[in-house]
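Here's a walk through one protein model, from the overall fold down to a handful of residues. Have the viewer open and follow along.

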Amino acid sequence: MATTTFSGPIKAGSIREGSSANTGFVVMAQSAAITQSTTAATSGIKIPANSQILEATVFVTTAFDNSATLSIGTSSSSNELATAVAVSTINQIKLASQATITDADNWLDVGATDVKIFTDSSATTSDVGRATLTVTYVQQISPGLTA
């Protein structure tokens with residue numbers, strides 16, 4: 001299947017202007033394979049500036065064996081979005097919002113520049129853990145918003 005790329009943000013609805021306007025922003029998603037590691041690593045996901053993150057979901061395909069949790073963030077400290085995401089059970093689908101949310105402002109508005117998403121399993125040794133991280137967001141909906 002072919003794909004189409006827009007510069008966005010994309011809005012959809014049948015009435016664009018006036019008191020009956022019903023347009024809204026389109027929800028976007030990016031996914032990346034992640035592996036268990038002793039250090040934080042960029043996931044390859046890059047969220048556009050002024051986006052609002054709605055959810056981060058971890059699909060565990062191989063259980064993380066010497067680290068039961070995963071942290072997700074916007075820097076190499078990997079803890080700005082969520083910590084303690086359980087990843088020790090195979091085929092687990094874990095929503096980061098069910099973990100510890102460390103800074104709601106980072107979810108509300110990623111800021112004025114694009115941000116890379118990092119993960120860290122804080123493993124003592126690089127091991128077998130494998131998962132897919134999917135981040136859903138609304139592009140450029142929230143410039144300057146704070147919680």
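A quick word on terms before we start: strands here are DSSP runs of E with at least two residues, helices are runs of H or I with at least four, and both are numbered from the N terminus. Keep in mind, too, that this is a predicted model.

**The big picture**

With those terms in hand, the protein comes out with one helix and ten strands. Follow the chain and you read β-β-β-β-β-β-β-β-α-β-β. Lined up on its principal axes, the set of C-alpha atoms fits a box of roughly 55 × 40 × 25 Å.

There are 147 residues in the protein, and 39% of them count as buried. Take the contacts with a separation of 6 or more: 74% of these join residues 24 or more positions apart. As for the surface, about 7,700 Å² is accessible, and carbon and sulfur atoms own 52% of that.

On the charge side, you'll find 6 positive and 10 negative side chains, with the centres of the two sets 9 Å apart. How many salt bridges does the structure hold? Just one salt bridge turns up, and R16 and E17 are the pair that form it, with 3.9 Å between the closest N and O atoms. Both partners sit in the open: R16 is exposed at a relative accessible area of 68%, and E17 is exposed at 60%.

**Strand β4: S43 and G44**

Strand β4 covers residues 41-47 and includes S43. Is S43 buried or exposed? S43 counts as buried because its relative accessible area is 9%, and the cut-off for buried is under 20%. Its side chain has polar company: the backbone oxygen of I117 is 2.7 Å away, while the backbone nitrogen of I45 lies 3.1 Å from a polar atom of that side chain. Setting aside neighbours within four places in sequence, the contacts of S43 are A32, I34, I117, F118 and L133. I117 therefore shows up both in that contact list and as a polar partner, given that contact means heavy atoms within 4.5 Å.

G44 is in strand β4 as well, but G44 is exposed, with a relative accessible area of 60%. From G44 to K94 you go 50 residues along the chain, and the two C-alpha atoms are separated by 19 Å.

**The loop after β1**

G13 belongs to the loop that links β1 (11-12) to β2 (24-25). At 48% relative accessibility, G13 is partly exposed. Not counting residues up to four places away in sequence, G13 touches N22 and T23. V128 is a long way off: G13 and V128 are 115 residues apart in sequence, with 45 Å between their C-alpha atoms.

**Two positive phi angles**

Which residues have a positive phi although they are not glycines? N50 and Q140 both do. Here they are together:

| Residue | Phi | Location | Relative accessible area |
|---|---|---|---|
| N50 | about 60° | loop between β4 and β5 (52-62) | 16%, buried |
| Q140 | about 50° | segment after β10 (130-138) | 40%, partly exposed |

N50 is classed as buried because its relative accessible area is 16%. Q140, at 40%, is partly exposed.

Key. Residues are numbered from 1 along each chain as its sequence is written. This is a predicted model: local features need pLDDT of at least 70, side-chain atom pairs count only at pLDDT 80 or more; totals for chains, interfaces and linings use all residues. Side-chain values use heavy atoms; hydrogens and water are left out. Buried means under 20% relative accessible area, exposed over 50%, partly exposed in between (1.4 Å probe, protein chains only). Accessible areas come from the Shrake-Rupley method with a 1.4 Å probe; for residues, only the protein chains shown count as cover. Lys and Arg count as positive and Asp and Glu as negative; His and the chain ends are not counted. The place of a charge is taken as NZ of Lys, CZ of Arg, CG of Asp or CD of Glu. A polar contact is a pair of N or O atoms within 3.5 Å; within protein, one must be able to donate a hydrogen and the other to accept it, and residues adjacent in sequence count only if both atoms are side-chain atoms. A salt bridge is a side-chain nitrogen of Lys or Arg within 4 Å of a carboxyl oxygen of Asp or Glu.
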